[in-house]
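Trainee: I would like to work through this model with you, one feature at a time. Could we begin with the vocabulary of exposure and then turn to individual residues?

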Amino acid sequence: MNSKLLLNALEHIDECYILHAQKHLGYLEDAAKPRHRSMKRIFTVALAAALALICTLAAAMAVSPEFREAVISLFQIGEVERVPDVSESEYKVKQVTIGGEVSAQYVKVNGFWDAYSGLGLLQRRDPADGQEHFYDVAGGELVEVGADASEISTSVSWYGRTIPVHLRFFVYQDALYLNNSYGGSCEEDSMTFRVGPERLGSRTDVVLLRGECCGSEADTNWAWVCDLKTGEVWDVLAGCGLEKFPYMERVLLAEDLKHALIRGWDGASDSGIAPYLADLEEKTCTPLSELMRLDIPTAFGSYEVTLYDSDTVLLAMAPLWRPEPTSVWAYHIPSGTVTPTAENEEELTSITPEADVYGWALAQKVDENGNVTIVDLRTGRQVKLEGITAADRCYLKINNARTRLLWVDWGAYGLNRLGVIDLESGEFTAFERENMELRYNEAVFWLDDDRVVTMMDLHTGEPFESYPTNEYYLCIYEF
């Protein structure tokens, strides 16, 4: 824990605990004297000189969530998961509980399956017709949903061309699913135009239509929004002056459609691709360096920028000789506040969500001893993980709600240990796994914000001709 994090944590500690610790240290008389410095800062220095005051630290942790979350320790469930044998029949769900802590369900399936963007449904593509099907695991059964999906056919006008888009979608448990939706393309006069549909954050009323154009006339990107009730397409970027950029990279739209984040080249030969923030209501486009009052280098690989929710821009910058950023700033759009959340770190590795959710959310850093610390790139808060090291082949994946981390300890035969780190409650729960012969080429991902899925290929290494279909064993865990 560094002194800056400790000071931030102390801001949330009740004064009575500080007085209690000062009494143990013999500082009580001095503390009663008039001071120009804050009592909390004095106690920080005293605490650094008296690490034996564990009882005082325990009392502080009881009243301060920020301080309590500074360290999260691994809790290993005593019972080992013994993966049950694969049943002969398909789609039959087996259910067990591991150590009274984690519920587990197992089901054999055929065909290739995946979790749809971490939203809660399993997705299967039918090899016969290429159609996608969605399933929920509910009541001990695998149930197909979304068969009555709605459909919209619309189009986008771009550079005088018309590109068709077909949307097939349904809403299930407050989440939008794009089922067999597809965009169109247009190739003519040495130009290629492509438009594809995507979800816009957690919204269920609109769909983002992302456009990519490359060729002799332009090399750029664009974005539109389609209303799922009417099929109307809005050019939300129109009027912001973005036409001045001969080149624009992928556009990020805020979920509330008030702002857009772009990276573009203004056409000047000596300028690079710089970040801009467009106000979609005021119809303005301003360099991010001007808003954040920072010198942002435009050399390739020197910075990365993204939207965190609808109100914050995260800017990460890295020296040219490092592959990962070393410093991060958060720009709060409504207030204009710029906050350095990570400064001069040795190396920060982004932890990305399963779905295409804007915002890296978290990063991990590893010290010389292999200890892992999680850094909240929006607030700068740091959380050290005790009980694991990077030597455990540490794999971390955040859920879409940015509240939990999936942790996997990979072994020579598959996933030796599986766990979830709850960043809100401060709990880190994991269990060991057995039945090694079943662990064929195992993949692992979030099913939703609370459930994790592993998928075992039951025919890894076998010639494709030796079995008629792909067969997988899904293990679904709820922590």
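Mentor: Let us fix the terms before anything else: a residue is called buried under 20% relative accessible area, exposed over 50%, and partly exposed in between. Please also keep in mind that this is a predicted model.

Trainee: With those limits, is Glu346 buried or exposed?

Mentor: Glu346 sits in the loop between strand 25 (337–342) and strand 26 (349–351). Its relative accessibility is 58%, and the class begins over 50%, so Glu346 counts as exposed.

Trainee: How far apart in space are Glu346 and Lys365, C-alpha to C-alpha?

Mentor: In sequence the two residues are separated by 19 residues. Between the C-alpha atoms of Glu346 and Lys365 the distance in space is 7.9 Å.

Trainee: Lys365 makes me think of Thr373; which residues does Thr373 contact, leaving aside neighbours within four places in sequence?

Mentor: Thr373 belongs to strand 28 (residues 371–376), and with 14% relative accessibility it counts as buried. Beyond the neighbours within four places in sequence, the contacts of Thr373 are Ala363, Gln364, Lys365, Gln382, Val383 and Lys384.

Trainee: Stepping back to the whole chain, what share of its residues counts as buried?

Mentor: The secondary structure of the protein chain comes to seven helices and 36 strands, and its accessible surface is about 22,800 Å², with 48% belonging to carbon and sulfur atoms. Among contacts with a separation of 6 or more, residues 24 or more positions apart account for 45%. Of the 479 residues in the protein chain, the share that counts as buried is 51%.

Trainee: In the largest nonpolar core, which residues touch the most other members?

Mentor: That core has 50 residues, and the elements giving two or more residues to it include strand 9 (150–158), strand 10 (161–172), strand 14 (206–215) and strand 19 (259–265). A second, separate core of 29 residues includes Leu348, Ile398, Leu405 and Trp407. In the largest core, the residues that touch the most other members are Leu237, Leu242 and Leu253.

Trainee: Taking Leu237 by itself, which residues does it touch, not counting those up to four places away in sequence?

Mentor: Leu237 is one of the residues that touch the most other members of the largest nonpolar core. Once residues up to four places away in sequence are set aside, Leu237 touches Trp222, Ala223, Leu242, Val251, Leu253, Ala260 and Leu280.

Trainee: Turning to the aromatic residues, why is the pair of Tyr106 and Tyr477 classed as it is?

Mentor: A search of the whole structure finds 16 aromatic pairs. For Tyr106 and Tyr477 the ring centres are 6.4 Å apart and the planes stand at 90 degrees. Since planes over 60 degrees apart take that label, the pair is edge-to-face.

Trainee: How many residues apart in sequence are the parts that this pair ties together?

Mentor: Both rings belong to buried residues, Tyr106 having a relative accessible area of 1% and Tyr477 one of 0%. Tyr106 lies in strand 4 (residues 102–110) and Tyr477 in strand 36 (residues 471–478), so the pair ties together parts whose separation in sequence is 371 residues.

Trainee: Which residues form one aromatic cluster with Tyr106 and Tyr477?

Mentor: The pair of Tyr106 and Tyr477 is edge-to-face, and both residues belong to one aromatic cluster. The other residues in that cluster are Phe431, Tyr473 and Phe479.

Trainee: For the cysteines, why is there no bond between Cys240 and Cys285?

Mentor: The structure holds zero disulfides, and Cys240 is buried, with a relative accessible area of 5%. A disulfide needs cysteine sulfur atoms within 2.5 Å. The sulfur of Cys285 is the closest cysteine sulfur to that of Cys240, yet it is too far for a bond, at 7.2 Å.

Trainee: Finally, what is the phi of Gln173, which is not a glycine?

Mentor: Gln173 is in the loop between strand 10 and strand 11, and it is exposed, with a relative accessible area of 63%. Although Gln173 is not a glycine, its phi is positive, at about 50 degrees.

How values were computed. Residues are numbered from 1 along each chain as its sequence is written. This is a predicted model: local features need pLDDT of at least 70, side-chain atom pairs count only at pLDDT 80 or more; totals for chains, interfaces and linings use all residues. Side-chain values use heavy atoms; hydrogens and water are left out. Buried means under 20% relative accessible area, exposed over 50%, partly exposed in between (1.4 Å probe, protein chains only). A nonpolar core is a set of buried Ala, Val, Leu, Ile, Met, Phe, Trp, Tyr and Cys residues joined through side-chain atoms within 4.5 Å. Helices (H or I, at least four residues) and strands (E, at least two) are DSSP runs, numbered from the N terminus. Contact means heavy atoms within 4.5 Å. Rings of Phe, Tyr and Trp (its six-membered ring) pair if their centres lie within 6.5 Å; planes under 30 degrees apart count as stacked, over 60 as edge-to-face and the rest as tilted. Accessible areas come from the Shrake-Rupley method with a 1.4 Å probe; for residues, only the protein chains shown count as cover.
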